Amino acid sequence: MLSKIDKKKWYSIKLFLYVLPFLVLVLLFSYYPLYGWLYAFYDYRPPRPFSEAEFVGLKWFKSLVENPVKISQLLQVLKNTFVMSGITLGTSWLPMLFAVFLNEIRCIPFRKFVQTVTTLPNFISWVLVYSLAFSLFNSTGMVNTLLLNLGVIKEPVLFLQSSEHVWLTQWLWLTWKNLGWAAIMYIAAISSIDDELFQAAKVDGATRMQMIRYITIPSLLPTFFVLLMMNIGNFLSNGMEQYYVFQNAFNKDYIQVLDLYVYNLAMGSGSYSVSVALSMLKSVVSVILLIGANAVSKMTRGESFL
Amino acid sequence: MSREIALKKRRHESFGDQMVSIVCYIVFGICAVLCLYPFYYMFINTISANDLSSRGVILFWPQGVHLKNYSSALGIDGLFQAAKISLMRTILGTFGTVSASAFLGFMFSQDKMWHRKVWYRLVIATMYFNAGIIPWFLVMKNMHLTNNFWGYILPMVVSPFHIVLTKTFVESIPKELQEAAEIDGAGILTIFFKVMIPVIKPIMATVAIFAAVNQWNAFQDTLLLVTDTKLYPLQFVLYQYLNQASSLSALANTSSSSSLAAAAATTQTATSIRMTITIIVVLPIMCVYPFFQKYFVKGIMVGAVKG
């Protein structure tokens, strides 16, 4: 009997040992970096080893707001982050609308074609998006050529090297890349709506818009809500790749979001510790936002998404 | 009389419905063009005469068609090496991610594992937090994974999202399958390789597509970890060309300088190099994507059901 229990125990440990190497990888690449948060409390200068660094307490956190120049820079970065995330959040109903009206197209080959073509941009990298943008909008690009030929402008306009409308254009590129893909979730949700609802509505003489208004959209709202909450959790994390590839000397003030600022602080000016301090604050706020959004979701819909 | 009213009403409704339908066709037609035209524009420019393309006059159809840009692409500085790196990391990285996801997805569905839930949560939690890029970079540096090809592969091997996908799939398979194999005396590894893998192939294909696209598109890890030009993938080389072009064009007076550069129809120009590399980088995705779209969609659906 005892040996049977031992055998069972040994089997369960054996299973664990098989996954152990992978757990080590997770610990190394995802948990060990958390230890790097310590850099925020030390005076770490890269060529020297970390063990020789001096403990400085909250110096770097204070240095983020120590003089008016830094404060205004940080405020500008926060403003960029808030505005761009805000626009994204405010237009997060667009994919739903896209899916709803795409579903109204009766010609199946055309619908399939639109769906395939509009999801494609999601699968190319930001570098490629920038390359397309650059080719279309540089001084000899398609847009300038067209506008010059039409006589709308006399001189080529440098769209990408401009400090105007940066937030809007960045949002447009993000939407161009993501809209079709984000709609896929809703398209699948629509196809799972009971068809009898539509049939019954049709018998009652409902128009298409009425069916959208009273059947389709209400059944998509739960999906919409979950995605919205997740977006709130990601409010501070716009990622840096998009803004990094589009940034240049002219639009830098308006394009620098928190993630990019953290990168530029460390890699551009070598202030590793300040950068870690900032990204640490960001992570903490993000987790709080995520948990908060989850709590809201639990309260209002009795469901958590974590 | 009443029949007439009903008829009128119906016609009226169908008019409204028709309007909805027409507007939909127009709007989605525009969307499709907006998504497709940039690629088409790049492509016709790469096969057109280079003196025309650098002046930006090729808008809707190619002129002076030639394929010299593609045949001389191999001669572009560092492009062949970059293509090799991109291919290697895509193949090795995809292999790593797919095998690890399949194995872990299967193992984490084994109730008998010692403290299974703890380990599973440990892995899944990494989807929701992030130490930040700088601590990550410093850790990678400590482990000598900067300027190291394996720095592209190892951090991507365990990917929680893909593990969730596979585990969900494995759990949808009847338990009897594994029990039957156990009765026959098969060990856990035999069950995984001989019984499970043939059954979970569809989800492995989905994971493979996701992982391959991720690896092919990866840019940020090169930016952070690599300074050795021999390890630059295509994405990064393209970015460098773009960066140069962007700073050149910001110097203004571009129309004259670019027409100077474009001496002959087949001489490579900054524009032609930039566009040719772009098409070379986009092409694999363009070719693969339409055929595998259903796998992508399946992937996102399974992931959405259980996050």
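How many disulfides does a search of the whole structure find over all chains? Zero. Keep in mind that what we're looking at is a predicted model.

Let me stay with the cysteines for a moment. Take B:C31: the closest cysteine sulfur belongs to B:C35, and at 6.6 Å that is too far for a bond. We call a disulfide when two cysteine sulfurs sit within 2.5 Å, so the B:C31 and B:C35 sulfurs, 6.6 Å apart, don't make it. Then there's B:C287, also in no disulfide, where the nearest cysteine sulfur is again that of B:C35, 18 Å away. B:C287 itself is partly exposed, at 44% relative accessible area.

Okay, on to the empty spaces. The second largest pocket comes out at about 1,000 Å³. Its lining counts 39 residues, and the ones nearest the centre are A:F137, A:L172, A:W173, A:W176 and B:L34. If you want to find the walls on your screen, look at α4 (94-102), α6 (126-137), α7 (142-150) and α8 (166-191) of chain A, plus α1 (2-46) of chain B; those are the elements giving two or more residues to the lining. So what classes of residue line this pocket? We get 30 nonpolar, eight polar and one charged.

Now the cavities. There are two of 30 Å³ or more. The largest has a volume of about 70 Å³, and its lining comes from B:S109, B:Q110, B:V170, B:E171, B:I173, B:P174, B:K175, B:Q178 and B:M196. Helices α8 (160-171) and α9 (175-183) of chain B each put in at least two of those residues. By class, that lining splits into four nonpolar, three polar and two charged.

The second largest cavity is about 40 Å³. Residues from chains A and B line it, among them A:S135, A:N138, B:Y41 and B:R274. Which helix gives the most to this lining? That's α15 (residues 270-305) of chain B, with three residues. The class count here is two nonpolar, seven polar and one charged.

Next, a helix I'd like you to scroll to: α10 of chain A, residues 208-233. With 26 residues, this helix reaches 35 Å from first C-alpha to last, close to the 38 Å expected at 1.5 Å a residue. Where does α10(A) bend? At A:I217, by about 40 degrees, with a proline, A:P218, following within four residues. Among the buried residues of α10(A) are A:R208, A:M211, A:F224 and A:G233.

While we're on chain A, have a look at A:S279, in helix α14 (residues 272-301). Buried or exposed? A:S279 is buried, with a relative accessible area of just 5%. Compare its position with A:Y261: 18 residues apart in sequence, and 9.4 Å apart in space, C-alpha to C-alpha.

Last stop, backbone angles. Most residues other than glycine have a negative phi. Two histidines in chain B are worth a look here. B:H115 has phi near 50 degrees, so a positive value in a residue that isn't glycine. You'll find B:H115 in the loop between α4 (79-107) and α5 (116-124) of chain B, partly exposed at 45% relative accessible area. The other one is B:H144, with a positive phi of about 60 degrees. B:H144 also has a loop address, between α6 (133-142) and α7 (150-157) of chain B, and at 61% relative accessibility it counts as exposed, the cut-off being over 50%.

That's my tour. Over to you.

Technical notes. Residues numbered from 1 in each chain as written. Chains lettered and ligands numbered in written order. Predicted model: local features only at pLDDT ≥ 70, side-chain atom pairs only at ≥ 80, totals over all residues. Heavy atoms only, no water. 1 Å grid on protein atoms, 1.4 Å probe; cavity = no way out; pocket = protein on both sides within 12 Å on 5 of 7 lines; lining within 4 Å. Points joined across faces, edges and corners; volume = space filled by probe spheres on them. Nonpolar A, V, L, I, M, F, W, Y, C, P; charged D, E, K, R; others polar. Expected span 1.5 Å × (residues − 1). Bend = angle between axes of the 7 residues up to and from the residue. Buried < 20%, exposed > 50% of the residue type's maximum accessible area, 1.4 Å probe, protein only.
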